[in-house]
There are 2 protein chains.
Amino acid sequence: MKLENSKGTKDFGPEEKIVREEVISSLKSVFELYGFSPLETPVLTRYELFESKYSIGSEMLKETFSLKDQGDRKLGLRFDLTVPLAKYVGLNPELKMPFKRYEIGRTFRDGPVKTGRMREFWQCDVDIVGASSMLADAEILAVVNSAFNQLGLSIVIKLSNRKFLEGVLDFSGVNKDKRFDAIISIDKLEKLGENEVIKEMGQKGIPDDVVTKIMSIINMKGSNKELIERLKGLIKSGIGVEGLKEVEEIISYCNSFGVESLEFSPSLARGLAYYTGPVYEVFLKDSDIKISAAAGGRYDKMIGAFLGVGKEYPATGIAFGLEVITEALKKKKKFEKKSVTQAFIIPIKTGQESIKITEELRKAGIKTEMDLMSRGISKNLAYANSLNIPFTVIIGEQELKENKVKLRDMKTGKEELLSVKDVVQKLKQ
Amino acid sequence: MKLENSKGTKDFGPEEKIVREEVISSLKSVFELYGFSPLETPVLTRYELFESKYSIGSEMLKETFSLKDQGDRKLGLRFDLTVPLAKYVGLNPELKMPFKRYEIGRTFRDGPVKTGRMREFWQCDVDIVGASSMLADAEILAVVNSAFNQLGLSIVIKLSNRKFLEGVLDFSGVNKDKRFDAIISIDKLEKLGENEVIKEMGQKGIPDDVVTKIMSIINMKGSNKELIERLKGLIKSGIGVEGLKEVEEIISYCNSFGVESLEFSPSLARGLAYYTGPVYEVFLKDSDIKISAAAGGRYDKMIGAFLGVGKEYPATGIAFGLEVITEALKKKKKFEKKSVTQAFIIPIKTGQESIKITEELRKAGIKTEMDLMSRGISKNLAYANSLNIPFTVIIGEQELKENKVKLRDMKTGKEELLSVKDVVQKLKQ
């Protein structure tokens with residue numbers, strides 16, 4: 001047997017996991033500040049759910065891991081946290097609306113593996129179900145703004161709208177049945193570049209002049225206000241008008257929320273089938289990480305489709321990517337914590353007594369590790385040092401007679417003879 | 001499409017998830033107090049790893065979910081968190097020993113579904129790798145003791161030893177190649193009862209008189225001291241002697257750690273192939289939940305086998321079952337938190353101003369939700385009430401003119417006209 005991880009997965013050792021836990025705990029605190037409550041949905045999902053209309057779409061279905069259980073039922077590993085939320089809402093008709101939840105957990109995609117794209121990764125989602133107002137979308141962006149502020153990362157939030165995009169495609173002369181194909185292509189603009197996207201749309205049977213028209217619109221640059229004005233002059237009827245109005249409303253609400261760096265970006269499309277209105281994607285400023293750090297949008301049709309009812313069921317939300325955020329933080333700061341331990345106990349022929357003192361420190365709230373290998377002082381000091389444990393406590397028979405222990409500051413090398421009570425007080429500072 | 005969860009999985013809505021999060025955070029704090037650092041391993045695992053010698057064993061392999069990725073590689077969903085830990089240690093030869101880690105995460109078993117046994121569930125594991133001393137096993141049990149103390153649950157820790165059991169089987173005359181079969185049967189004693197276990201051992205080809213001998217030993221009752229003395233009188237040579245010595249040592253160390261309710265239980269076997277020494281299982285006292293709340297043991301051969309080296313690689317640890325613990329807590333206390341929110345903002349024609357005040361409360365650390373549905377006061381009060389949100393803040397034009405808002409205590413119905421600053425102060429208490 002060759003010992004290795006399965007493709008597209010990795011282990012996160014303590015040094016990395018401590019950072020990940022810090023990010024998760026920071027995100028959770030912001031999500032809860034904004035009144036979102038936690039939800040947990042399973043990873044194992046009936047495969048049908050992914051195949052449903054207004055679910056992830058056939059393109060993404062190819063990347064869904066599938067398996068069978070002992071009862072020969074076809075299952076899939078969840079692809080995101082949005083579909084499971086829609087399922088939960090569908091299964092719980094008694095939920096009070098709006099339902100504001102967050103979920104932080106693993107998702108799985110059997111796609112190409114490259115930097116920042118793993119087959120198993122974490123999403124951290126906030127969603128609002130039941131509110132159709134753009135106020136809800138703006139609140140999602142306010143969460144984004146606060147979360148990245150708290151993490152100390154500068155961002156740009158790019159905003160567009162599927163209704164607006166449909167208006168653009170309509171205006172450019174794309175047939176109804178080709179519109180989602182075109183959106184899938186536009187979504188690849190950042191990744192593949194303009195030429196490839198134009199080529200792909202051509203291959204999909206969209207005439208050259210139509211493609212040219214689309215590109216000229218989605219490539220428009222300018223301030224939010226300028227863009228909206230110019231586009232309003234162009235798109236004067238149909239669903240595109242509604243989309244533009246939604247963009248305007250979100251920008252206005254975001255102003256009140258104090259959201260910074262919000263950019264209307266007409267070419268932002270998002271590749272998932274389920275979006276129906278606003279879409280957003282968050283990029284890090286001053287970073288060489290080009291993958292988005294968070295992305296989402298409104299999906300008013302998924303829940304209704306799952307329920308088999310014709311009507312829309314408003315919902316909007318965003319997923320933060322834990323891997324991208326952690327990478328960015330690791331590049332910004334130096335993380336050196338290889339252990340959570342605050343004190344390491346080194347007994348010198350004082351085994352049972354040292355156990356009791358170790359327990360005393362733990363009861364006082366000090367994160368304490370104790371020698372389990374019966375090693376000598378120097379080996380124990382080297383171990384504590386290699387894990388960056390800040391203090392060691394050396395417990396010898398002589399010290400015990402005086403009801404003292406020796407506290408060593410591992411950074412300075414300074415040693416003090418102290419009572420256990422004083423050690424606690426010192427380490428609590 | 002029928003909307004339903006896949007078999008053996010369920011959603012945990014906010015009310016339940018809040019309790020689960022409390023349990024996880026309580027366990028984490030105890031794990032860290034004992035100097036364990038966090039680790040994260042993937043769910044997707046190369047299937048080979050489960051098939052390896054000293055891995056989970058053929059019985060458990062039947063319950064492992066398997067699937068293939070696009071590259072036609074056979075994968076499995078992790079069955080526990082122990083095998084992934086052994087893999088991690090094997091892949092990271094530079095790790096300093098002892099390596100003390102905890103991991104909290106989902107595990108998957110495609111087995112029969114019944115109360116307390118789901119196909120997707122959480123384990124919370126603490127393990128010590130690299131220390132062969134029984135001091136390490138005792139420290140694991142000290143973690144157990146502290147964790148359940150902190151959770152407010154009374155427990156009994158049952159302790160036995162695979163070397164001791166092998167000694168019993170040897171003494172009773174079971175052939176070497178049938179010993180793990182016998183252990184698998186003994187493990188079912190609690191579940192199936194004595195008659196069934198005797199029958200099963202017979203079916204496995206173990207002679208009746210041998211089975212009788214085994215049962216007479218493992219059914220012995222008495223205090224830890226009495227049992228050890230009686231068994232020492234019986235098992236006087238071979239590996240069983242070593243096992244009994246280990247039991248004695250753990251009990252002595254546990255005494256120094258202040259571990260309560262530790263019971264030597266000769267019939268405790270544990271069904272996994274990888275155990276090599278002490279095994280432990282934790283049961284709740286005064287509870288109708290009969291499934292163990294935590295279980296583990298020593299597995300000195302798994303890591304060496306993964307590495308393809310002949311030598312042993314000491315490791316010991318325990319897994320806490322999140323579902324059982326949460327169920328027990330739910331039965332003991334009443335949980336009524338349906339939301340994390342502390343304050344709910346009700347604007348009356350003060351939309352943009354109310355957004356700003358909402359943000360002010362959030363910046364001050366108050367978990368705040370705001371009306372997103374433009375509903376009237378009474379509907380908003382009913383919503384806040386249904387989620388048990390303790391306070392609402394009503395913001396009308398009149399109040400704003402005086403730089404005030406109306407704070408309503410949802411329990412008492414009492415209303416006060418306060419400045420935003422005073423609202424913050426009041427809610428911070």
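This is a short walk through a predicted model with two chains, A and B.

Let's start with confidence. The predictor gives the complex an ipTM of 0.91 and a pTM of 0.92. For chain A, the mean pLDDT is 94. In that chain, 99% of the residues reach 70 or more. Why do we check this? Because where pLDDT is low, the predicted coordinates should not be read in detail.

Next, how the chains are arranged. Two copies of a chain are related by a rotation about an axis and a shift along it. Here, chain B can be laid on chain A by a turn of 180°. The shift along the axis is 0.0 Å, and the RMSD is 0.0 Å. That is the relation of a two-fold axis. Which C-alpha of chain B is nearest the axis? That of B:L67, at 2.6 Å from it. The same surface serves both copies. Of the contact residues of chain B, 100% recur in chain A.

Now the interface. The size of an interface is often given as the accessible area lost when the parts come together. Chain A and chain B bury about 8600 Å² between them. Carbon and sulfur atoms hold 58% of that. Chain B puts 100 residues into the contact, and chain A puts in 100 residues. Which residues of chain B lose the most area to chain A? They are B:L3, B:E40 and B:L372. Together they make up 10% of what that side buries.

On to the inside. In soluble globular proteins, nonpolar side chains tend to be buried together. In this model, the largest nonpolar core has 95 residues. A:F31, A:F148 and A:F320 have the most contacts inside it. Which helix gives the most to this core? Helix α5 of chain A, residues 134-151, with 12 residues. Look at A:F31 for a moment. Leaving out residues up to four places away in sequence, A:F31 touches A:F36, A:Y102, A:I104, A:C124, A:D125, A:V126, A:V143 and A:F320. Apart from this core lies another, of 94 residues. Its members include A:I345, B:I24, B:M134 and B:F164.

Last stop: a hairpin in chain B. Strand β15 covers residues 405-409, and strand β16 covers residues 415-418. Do they pair in the parallel or the antiparallel sense? Antiparallel, over 4 bridges. One example: B:L407 has B:E416 in β16(B) as its bridge partner. Between the two strands sit 5 residues. In that turn, B:G413 has a positive phi of about 80°.

That's the tour. Thanks.

Key: Residues numbered from 1 in each chain as written. Chains lettered and ligands numbered in written order. Heavy atoms only, no water. Pairing = 2+ DSSP bridges. Least-squares fit on C-alpha atoms with pLDDT ≥ 70 in both. Contact = heavy atoms within 4.5 Å. Core = buried A, V, L, I, M, F, W, Y, C linked by side-chain atoms within 4.5 Å. Buried < 20%, exposed > 50% of the residue type's maximum accessible area, 1.4 Å probe, protein only. pLDDT = per-residue confidence, 0-100. Buried area = accessible area lost by both parts, 1.4 Å probe.
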